[in-house]
Amino acid sequence: MEFFLISMLNGLTYGLLLFMLSSGLTLILSMMGVLNFAHASFYMLGAYFAYQISVFIGFWPALIIAPILIGIIGAVIERYGLRRTHKTGHVAELLFTVGVALVIEELVPLIWGRVPMDYKIPPQLDFTLFTLFTTDFPAYRGFMIFISVFMLVLLYLVLTRTRIGLIIQAALTHPDMVGALGHNVPRVFMLVFGVGAALAGLAGVIGGNAFVTEPGMAFAVGSIVFVVIVVGGMGSLEGAFVASLGLGLIQTFMVAIDYTFADVFAMVGLDSIPPGTVGDMLSVKFSQMAPMMPYLIMVLMLIFRPRGLMGARES
Amino acid sequence: MSDIKAISIAEVDKGMSGIRRWVFWIIAVVAPLILPLIFDSSYAISMMSQMGIAIIFALSYNMLLGNSGLLSFGHAVYFGLGGYFVIHALNAIDAGKFYFPVTFLPLLGGLGGLIFGISFGYVSTKRAGVTFAMISMGIGELMFAASSVLPIFGGEAGVSSNRVTGTGLFGINYGPPIQIYYLIAGWAMVSALLIYALSLTPLGRMVNAVRDNPERAEFVGYNPQRVRFIILALSSIFAGIAGGLAAINYEIVSQEYLSANQSAMPLLMTYIGGTMHFFGPVLGAILVTFLQVVVGVYTKAWPLYMGIVFMIMVLFAPQGLAGLIMQHQPILRAGLGARLIPSYLYAMVSGLIMLLGIISLVEFIYHLSTEIHSGTEMTLFGISFDIASSFPWVITILLIAVGFFFFRRACSAISSSWNSALAEIKGSESHE
Amino acid sequence: MNNTPILELADVTKSFGKTQIINGVSLAVPRGERHAIIGPNGAGKSTMFNLISGRFPVSSGKILLDGNDITAMPPFEINRRKLSRSFQVTNIFHRLSVYDNIRCAVLWSLGYKHSFWRSLNRLKDVTELANHTVEEIGLGAKGEALAGALTYAEQRALELGITIAGGAEVILLDEPTAGMNHSETDAAVELILKVTKGKTLLMVEHDMGVVFGMADRISVLVYGKIIATGPPEEIRGNKAVKEAYLGEEAV
């Protein structure tokens, strides 16, 4: 029970963080048709910027400043890079973001080095929020949940209650029509790209010190966010939400399960599998399988439900 | 620029005709045979072996990207699994479990690639475009994650073997690197020929049609998913052959073979070389490998340079090097090539100045961030100096600024000399 | 003689969400007929074509091709059964040459499927049929040109060429003369008559001159329902048609 509840909470934290990334990615993807490969790079930049700012003036200003900076960087990249490639087609746009990701991936260690940063949780939040049976639940996790939920509610309100939000929603379902309504589509694109980047940056700010801030963090998260998008269904925010939480929970639980396949077989009375290739395979622990899980789920989803959980479009 | 692009694409197939095509193929066959006689250092031979592997891998990749419009981020899966197939086969041969001539071992790699191409391709080719890109990446990550878990991949150390095994055909035992080079060169030629031939078949053309307009392909009787599936399976054979050759060459296969980096390599090579021409990926593979081996020795910032070059190509030259070369055909044919030379020289000199500045700047920062423990003195291009003083930095910034200023002017000089040449060609055409 | 209609629609409906676009269409087209479908904008003509050719699934009802049920088939299966269609918005392979566009259109029907062991250039039947078709649609001089670089009228001709090249028995043409001037329209009509000789032709067309000049029979589609079907004279005299459609536009 204790294990279950704590894993639930940890999975929820991780899942919400994933959704902060995948929501921006989904908005950019559905509106602009661009799969932003550099999205996770903004997450990484968020963490590094926050670290640097917190060294100078502390964590709290960083929480505000870093995402705004990332948002501006995102908007500039859209305005002066992505827009140029737009006429060449979606593949060129995607490849441009791949280039951006590659360069950021190398610029970061160029500036900060390859070792993980000493990006600490702010002392104000460095205490135990509550103790569940014997396990402590850190306050910072609670803070992460709070920030994520706060941002999501804000995003929801913007999308449903404001004029720009309605335009964005219209663009989600009828991408060709918005231009005809007389809106400045390029400006909306730049805004969405910038806000998406800022959201990713914010995720980096609050995730960087909870997990790790190092040059490999972008790629590690990036590929999982793609899985979220595919599993949730292309262009569906609701799907991305469900998939983010689902994957967050599954991965958290898997890591914590210390059984091997052989153990499971033994439970049902099959304990005499000889060593050898098959026997070796069965000695793999579930926790070791955790990194594979998101991708396995994606493959299974594609076989049995190619549209994804809530996808409306085929591609 | 749109004029220029239209010409270059139209020239793709009929660009080289008759005798010139034969000359091209003869060079392609003879050059790899005599190159090791000219560059006979072990350094050169190992680099050329690496190039041969890269060429097969890149050509296999372009069957997807250029010919089918499928952008894959997981092609290393087939490369790597082909490699694992061959390395395990080598070990089995060593242990006397079965006999198979090493010369033909890459075929087993191809088989490995094919098996996984069929099973994963069934899933991934259900979609095209951006979704395919994501799925291919997911499958790549799946296999990479699997390789650190499943014992058959040998964990982080990988699986190693010894290629000098069995008696070999005609006494060739693949001990000396030069024998390996010829093995790779031979397989590269066979693969290139097959991939080229494939592009001239009914399937080869339908693959282009599905790339251009999958919907219309459905209304002329083709199932686009099926077409994509078959081409992916075929392409994974060649990726597997490349992986198998790498296994024989390095005598070790590790996780690195399945990594995202390994998947990114053929993308970079193919795109930089040019996806719309058969020889584009070959050019890209040779160039990128050369830079990787040569530049990689001097600087750790190599991946950064690679990324910048890639981004510049995407922004300014999406047709790739091959496309840039082929664009000159109409001008060269009209005998107006000399007209472009002055502006090209101008651009080259100013570009080099700018490049010098950029490289210096990157290397300074790199030195500061990674090698600061060895002091602030460093040597670049044979010159030693202390980057604690401001002098080198000022020079660097100056180089970039001056280079950029003149490079911009050179670019407009290039475009005006192009326009005048094109205008003259058009003028002479309308006179006829 | 075979008296089954070559194409038959039985009470076909189609809704997008809550909006019903096709409200129970039944239609039988006998072999060799030139059948035109007319109706005001938004009547569902293009949707009907999309249902027949398998582009969209029907909501209910049945579609029979030569007596065989093709209702739930994907487009390529239907095409393999000798039904081919053109598109209102030009739908060609832009980065292939004119000649290759046509070659791609004949490969399946000549039985080459996914063949990757034969050289395309050495397939005599493909070459002959492609050359013949390219000449027939009047693009003989442009065979090597990129399809994307053709003029609008040339692209329309190519669109028609791709549609008929495979030798389909039933041909659906969606507004083949849309956006053409008078002389272009005349040339297009002549071309259509030439290349569809002996075939069954079903066409959506707005140009009444073309429709009444070419069609053996005409169906009038209004709000997703066929309100009349008959030979041109009969349609011209039909009161309901006049009210619903011709009354507004043909004066």
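## Asking how we know

Author: Let's start with chain A: of its 315 residues, 46% count as buried. This is a predicted model, where local features need pLDDT of at least 70, side-chain atom pairs count only at pLDDT 80 or more, and totals for chains, interfaces and linings use all residues. Residues are numbered from 1 along each chain as its sequence is written, while chains are lettered from A and ligands numbered from 1 in the order in which they are written.

Reader: What makes a residue count as buried?

Author: You count neighbours: with 20 or more other C-beta atoms within 10 Å of its own, a residue is buried; with 12 or fewer it is exposed, and in between it is partly exposed (C-beta atoms are placed from the backbone). In chain A, 46% of the residues count as buried, so they pass that mark of 20 or more.

Reader: How do you know which residues of chain B are in contact with chain C?

Author: Contact means that two C-beta atoms, placed from the backbone, lie within 7 Å. On that basis, 27 residues of chain B are in contact with 34 residues of chain C. Helix 8 of chain B gives the largest share of chain B's side, 8 residues.

Reader: What makes something a helix or a strand here?

Author: Both are DSSP runs numbered from the N terminus: H or I with at least four residues for a helix, E with at least two for a strand. Chain A has 14 helices and 2 strands by that rule.

Reader: And which part of chain B gives the largest share of the side that touches chain A?

Author: The contact takes 38 residues from chain B and 44 from chain A. Helix 6 of chain B brings the largest share of chain B's side, 14 residues.

Reader: Why are 29 residues on that side called nonpolar?

Author: Because of their type: Ala, Val, Leu, Ile, Met, Phe, Trp, Tyr, Cys and Pro count as nonpolar, Asp, Glu, Lys and Arg as charged, and the others, Gly among them, as polar. So that side of chain B has 29 nonpolar, 6 polar and 3 charged residues.

Reader: How do you know that strand 3 and strand 8 of chain C pair?

Author: Strands pair if DSSP finds at least two bridges between them. Strand 3 (residues 34-38) and strand 8 (residues 200-204) of chain C have 4 bridges, in the parallel sense, so they qualify. C:Arg34 stands opposite C:Leu201 in strand 8 of chain C.

Reader: Why are strand 6 and strand 10 of chain C called edge strands?

Author: In chain C, 6 strands form an open sheet with mixed pairing, in the order 6-7-8-3-9-10. Strand 6 (83-85) and strand 10 (225-230) of chain C each pair on one side only, so they are the edge strands.
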